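Work through the exercises below with the sequence and the model open. Try each task before reading its solution.

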Amino acid sequence: MYIKTLYQYYKDCGGQITTDSRNCPKGSLFIALKGENFDGNLYASKALENGAAFVIVDNPEVVIEGDDRYILVHDSLHALQQMANYHRQMLKTPIIAITGTNGKTTTKELIANVLLKKYKTHYTQGNLNNHIGVPLTILSMTASDEMAVIEMGANHPGEIKDLTRIVLPDYGLITNVGKAHLEGFGSLEGVIRTKSELYDYLKEKKNGTAFINFDDSILMKQAEGISHLITYGTSESASVCGKIDDSSLTLSLEWYKTTLSNNIQRINTQLIGDYNLSNILAAITIGVFFKVPIEDIKEALEQYTPQNNRSQFKKTESNQLIIDAYNANPTSMLAALNNFCNLKAEHKMVILGDMRELGKDSLLEHQKIIDFLTKHKDIEKVLLVGDEFCKTNHPYTHFNDVNEVKNYLVSNPITDHTILIKGSNGIRLFTLVDSF
């Protein structure tokens, strides 16, 4: 079926797209997607009953003969992606694409908050950054959107390339590259190659522009050949230079445009962790580039409150918590631990959960975390959670799952501690917050 015909169904449904047969707004377009444990084709009739005007399916057996509400295609996912790409070309809204190993969701949120001060800005909601979430995000854009910030994730080679072909970004930003999803990428080099597929697209694009951390030698090398590089970092050689100026729990910094070094600006954020400096500088740089007033940039960044267990700070009646339990990989784990060790706080404690999807490198990378901990005696108490940490050679208290930790904390209550909680989302360490 031609893309223009498919797109017309999308228009006829008022741009309302759904992939959940239980949630079909009246007059919407349901797209039957398949996964390891589900087949949306089997719920097409239910979607129509629940309000969908049309259903896109790729299994001819579910189509009811004579019912023109069924739209049969070869591949429903491909149809979704094609519609998203066509919609993107119709709107021509400037798009900033963001990827990276760590910090991409936080950076996306910071950039969106800054741009919203001046522009009607559409941006990825939550973590909808994969081959399904990205096209859904594009299709939820409207003609009134003046800017868009699209997050792109990947755990296998070629995924960023595929997503850029859907998004067709005007600008790109890679937060960093590190050891994550090694099971899919095979090695750090595989991570670098895949994330750099965004740069490859910008090199092909006439007048492509990348916002880039000048301090990151890997990214600077990978970006060679892009028409325009707008840099940020701690170096005075960057377009925007910033430095942390406070060792308090939340991050404060001073920054300036290097062409105006006598015009230093100060920002006091609600973010935890020195590793967020580059994320904040990225948002500042993009704000400056798109002429958002300096005072609005400051207000946007100071008002931003971390959510979804990413670099969150919470003070309870008994303890101070640093909750960074949405995701974990060797790079982000060491960054969090380094920052935690540098904090001025008494009675430090860490609760660490397994880092997933590391493949053959899993034991080695978990042991490196243990080796780091044993060298830092200022951390008074360490609790480890999960099968991978169990395999390491360590002197600490270990638990198989988060429920065992909860039971332990009932019998061994913790008070007057500053506690870092860090692990992969699947370990569910975020459910420990109420235990303190």
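The exercises that follow concern a predicted model.

**Exercise 1. Helix 3**

Task: Describe the span, the N-terminal end and the buried residues of helix 3, and find what follows the helix.

Solution:
- Step 1. Take the limits: helix 3 covers residues 76-91, which is 16 residues.
- Step 2. Compare the spans. From the first C-alpha to the last, helix 3 reaches 23 Å, close to the 22 Å expected at 1.5 Å a residue.
- Step 3. Look at the N-terminal end. Asp75 caps helix 3 there, with a side-chain oxygen 2.9 Å from the backbone nitrogen of Leu77.
- Step 4. List the buried residues. They are Ser76, Ala79, Leu80, Gln81, Met83, Ala84, Asn85, Tyr86, His87 and Arg88.
- Step 5. Go just past the helix. Lys92 has a positive phi of about 60 degrees.

**Exercise 2. The second largest pocket**

Task: State the volume of the second largest pocket and describe what lines it.

Solution:
- Step 1. The volume of the second largest pocket is about 370 Å³.
- Step 2. Its lining has 21 residues, and those closest to the centre are Gly15, Leu136, Leu139, Ser140 and Met141.
- Step 3. Two or more lining residues come from each of helix 1 (3-12), strand 1 (17-18), helix 3, strand 6 (121-123) and helix 5 (133-139).
- Step 4. Sorted by character, the lining has 10 nonpolar, 10 polar and 1 charged residues.

**Exercise 3. His122**

Task: Is His122 buried or exposed, and which polar contacts does its side chain make?

Solution:
- Step 1. Place the residue: His122 is part of strand 6.
- Step 2. Apply the cut-off. Buried means under 20% relative accessible area, so His122, at 14%, counts as buried.
- Step 3. Find the polar partners. The side chain of His122 reaches the backbone oxygen of Thr137 at 2.9 Å, and a polar contact of 3.0 Å joins it to the side chain of Ser140.
- Step 4. Add the other contacts. Beyond four places in sequence, the residues touching His122 include Met141, Asp145, Met147, Ala148 and Val149.

**Exercise 4. Two residues with positive phi**

Task: Where do Leu168 and Glu357 lie, and how accessible are they?

Solution:
- Step 1. Recall the background: most residues other than glycine have a negative phi.
- Step 2. Read the angles. Leu168 has a positive phi of about 50 degrees, and Glu357 has one of about 65 degrees.
- Step 3. Locate them. Leu168 is in the loop between helix 6 (159-167) and strand 8 (171-174), while Glu357 is in the loop between strand 16 (348-353) and helix 14 (362-374).
- Step 4. Check accessibility. Leu168 is partly exposed at 21%; Glu357 is also partly exposed, at 35%.

**Exercise 5. Two buried loop residues**

Task: What surrounds Met355 and Thr316?

Solution:
- Step 1. Met355 lies in the loop between strand 16 and helix 14 and is buried, at 1% relative accessibility.
- Step 2. Met355 and Asn327 are 28 residues apart in sequence, with their C-alpha atoms 7.9 Å apart.
- Step 3. Setting aside residues up to four places away in sequence, Met355 touches Ala328, Asn329, Pro330, Met333, Ser362, Glu365, His366, Ile369 and Ser424.
- Step 4. Thr316 is in the loop between strand 14 (312-315) and strand 15 (320-324) and is buried, at 18%.
- Step 5. With the same exclusion, Thr316 touches Leu321 and Phe436. A polar atom of the Thr316 side chain lies 2.7 Å from the backbone oxygen of Phe436.

Terms used: Residues are numbered from 1 along each chain as its sequence is written. This is a predicted model: local features need pLDDT of at least 70, side-chain atom pairs count only at pLDDT 80 or more; totals for chains, interfaces and linings use all residues. Side-chain values use heavy atoms; hydrogens and water are left out. Helices (H or I, at least four residues) and strands (E, at least two) are DSSP runs, numbered from the N terminus. The expected span of a helix is 1.5 Å times one less than its number of residues. Buried means under 20% relative accessible area, exposed over 50%, partly exposed in between (1.4 Å probe, protein chains only). A polar contact is a pair of N or O atoms within 3.5 Å; within protein, one must be able to donate a hydrogen and the other to accept it, and residues adjacent in sequence count only if both atoms are side-chain atoms. On a 1 Å grid over the protein atoms alone, a cavity is a set of points where a 1.4 Å probe fits but cannot get out, and a pocket is an open set with protein on both sides within 12 Å along at least five of seven lines; lining residues have an atom within 4 Å of a point. Grid points are joined across faces, edges and corners, and a volume is the space filled by probe spheres set on the points. Ala, Val, Leu, Ile, Met, Phe, Trp, Tyr, Cys and Pro count as nonpolar, Asp, Glu, Lys and Arg as charged, and the others, Gly among them, as polar. Contact means heavy atoms within 4.5 Å.
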